[in-house]
There are 2 protein chains.
Amino acid sequence: VGILGAGGWGTALAILLNSKGYEVCLWEYRPEAAQRLASTRENLEFLPGVKIPPQIEISSDFHWVASGRDIVITAVPSHVLRSVGERLKDVDLRETIIVNVAKGIENQTLMRMSEVLLDTIPELDESRLAVLSGPSHAEEVSRNIPTVVVSASTDIETARKVQHIFMTPNFRVYVNTDVIGVELGGALKNIIAIAAGICDGVGFGDNTKAALLTRGLVEITRLGTAMGANPATFAGLSGMGDLIVTCMSQYSRNRYVGEQIGKGRTLEEVLKGMVMVAEGVRTTKSAYQLAQKYQVEMPITEQVYQVLFQNKNPRVAVSELMCRDAKAESWGF
Amino acid sequence: VGILGAGGWGTALAILLNSKGYEVCLWEYRPEAAQRLASTRENLEFLPGVKIPPQIEISSDFHWVASGRDIVITAVPSHVLRSVGERLKDVDLRETIIVNVAKGIENQTLMRMSEVLLDTIPELDESRLAVLSGPSHAEEVSRNIPTVVVSASTDIETARKVQHIFMTPNFRVYVNTDVIGVELGGALKNIIAIAAGICDGVGFGDNTKAALLTRGLVEITRLGTAMGANPATFAGLSGMGDLIVTCMSQYSRNRYVGEQIGKGRTLEEVLKGMVMVAEGVRTTKSAYQLAQKYQVEMPITEQVYQVLFQNKNPRVAVSELMCRDAKAESWGF
């Protein structure tokens, strides 16, 4: 297995697959960082406190990590995936299944992550492409805390192979063939997490956040359905499950960004202080455009967009969400 | 407005309606407690730290509080609702809308709360009966924290009237005509909250809990649909919304019961130390029977039942939930 990206999630998956006896190589793009990881056996930046077993090879040689593998996992930030795909073009992938774990929607093209890979690697067939998604903070998976995720591919056999490869007693994997739904659920939930963080930062309560999550899942489902997803997917692990963990967990960076903004800091200030990527910021831009393109009502996304990029007061934004006309509880998927 | 039951929720709703200018009377069944409430103007047992305005009348005279009101709110524990209904039989309710806020399923009869009221008050027509439900911890509502709930009645006009009566800028009310779904969502979520608490008590993480909530909503939806509810209701405030707040909030008593049991205490010990009612314990019994009656698979409810009433080890129960065969992410509503 070759894992492209030594962030928290890439590292956690390397440890998981190594524990199942697979031969695992992990690609870190900065040579010095790769060397440091290989010698200290701890990812201080992204997964501190977790030991990386000696069997896991760590390298900054992209071609070596990606070539001749049964499985290649792409675990980079979403805005970097295109450049990774372009480097994969030169690798022989005929016998390889690619498992993408990056969550986002590309800004200029509005493509989902699997679309970016298919776009950049002409020889890649979508039957050899899978997505792993669901409520799975790396910090917990690396500590063997029970976790359930979903493996999605348009080819059910590929989804099952990936399920089989990752499954452990504490890491359960369901399968799904709705790649569009699974990818959109994983990406769009980060917007609602920023909104939930704003709620926290402004000083609102659990009632407020629960209402926000509920309405948030409605608008995710609405856009997803317009884009061709199965609405039932959003009631699943990569929709509701991932939304809950991202909005509630102490580990969520997107929630954190919202919280800091709710407390009055600017987006620029907050992002400057973070080593990890908060995918939701970029995803908000894409989703805002997608809502217009598909003519879908997304009031929470719209308010988050205005707060992040148009300096709207966060308290006013939440108040406006609350004060929309009370109407029948219709979901209109 | 007459409010029957001076627990946390009854008291919070009294304060809310008083702030809108309604004349509000609150019934507390113990004469001494009623007197204490009326003089101290604080509900130390159930809503400490919140001032009860002097305009709210507090009495232990059931007939006086219930008679001649436009609205009567039943805000008692679910197992007490039948006796309240029997006392309401002697009250002239021809001009009254009854709003029930108790959440549960009666143990022997397996009736929903509105069915209990209709069963005990022969002259009551369901068009004058509404249910108020959703993610709404009393502690937050009484502090004016933004909250969104749903008013449900088979008669949309009644649902709208109730919406209008309760609505404030910080207490938004949607309407729904699916009384079955709204009642079942409010009742069954307490079982999943006990399971979520067990997860916490055993020391599992956010990933585990998010998966549990996701699968929990699936089994609630499955039973609800079998009982005649609209599945979309469970994606709403009284389904997903209420589930999230009950499983996550520091204020949830059902989550607390599960947590204590997860830490190794017995149900008896835990309940002995609580002044408030954890509705989920009784609801688990009813739902366990309903699952058999409607032949619906409810794995989480079954495990919670075995932990609560058959001394099953909570850690084993959660492990068994995790180790069910991994299958396609099919929800089978």
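This is a short talk on the overall build of chain A, a few strands in chain B, and one leucine position in both chains.

Okay, hi everyone. Before anything else, please keep in mind that what you see is a predicted model.

Let's begin with chain A as a whole. If you go through its secondary structure, you'll find 15 helices and 10 strands. How compact is chain A? Its radius of gyration is 19 Å, and the globule rule gives 20 Å for 333 residues, which is close, so chain A is as compact as a globular protein of that length. If you'd like to picture a box around the C-alpha atoms, it is roughly 55 × 40 × 35 Å along the principal axes.

Now, what about the inside? Of the 333 residues in chain A, 64% are buried. Then look at contacts between residues with a separation of 6 or more: 71% of those in chain A link residues 24 or more positions apart. As for the outside, chain A has an accessible surface of about 12400 Å², and carbon and sulfur atoms own 47% of that.

Let's move over to chain B and zoom in on strand β6, residues 71-74. Which way do its side chains go? B:Ile71 and B:Ile73 point one way, B:Val72 and B:Thr74 point the other way, and all of them are buried.

This strand also has partners. Strand β1 of chain B, residues 2-4, runs parallel to β6(B), and three bridges join them. Within that pairing, B:Gly2 sits opposite B:Val72. Then there's strand β7 of chain B, residues 97-100, which is parallel to β6(B) too, with four bridges between them. Here B:Ile73 has B:Val99 as its bridge partner.

And how do we get from β6(B) to β7(B)? Helix α4 of chain B, residues 81-88, belongs with these two strands, and together the three make a right-handed β-α-β unit.

Last stop: a leucine with an unusual-looking backbone angle. A:Leu110 is not a glycine, and yet its phi is positive, about 60°. Where is it? Find the loop between β7 (97-100) and α5 (113-120) of chain A, and A:Leu110 is there. Is A:Leu110 buried or exposed? Its relative accessibility is 14%, so it counts as buried, the cut-off being under 20%.

Chain B has a matching story. B:Leu110 also shows a positive phi of about 60° without being a glycine. You'll find B:Leu110 in the loop between β7 and α5 (113-120) of chain B, and with a relative accessible area of 13%, B:Leu110 is buried.

That's it from me, thanks!

How values were computed: Residues numbered from 1 in each chain as written. Chains lettered and ligands numbered in written order. Predicted model: local features only at pLDDT ≥ 70, side-chain atom pairs only at ≥ 80, totals over all residues. Heavy atoms only, no water. Buried < 20%, exposed > 50% of the residue type's maximum accessible area, 1.4 Å probe, protein only. Pairing = 2+ DSSP bridges. Right-handed = clockwise from strand over helix to strand, strands pointing away. Rg over C-alpha atoms; globule rule 2.2 N^0.38 Å. Contact = heavy atoms within 4.5 Å. Areas by Shrake-Rupley, 256 points an atom, 1.4 Å probe, with all protein chains shown as cover.
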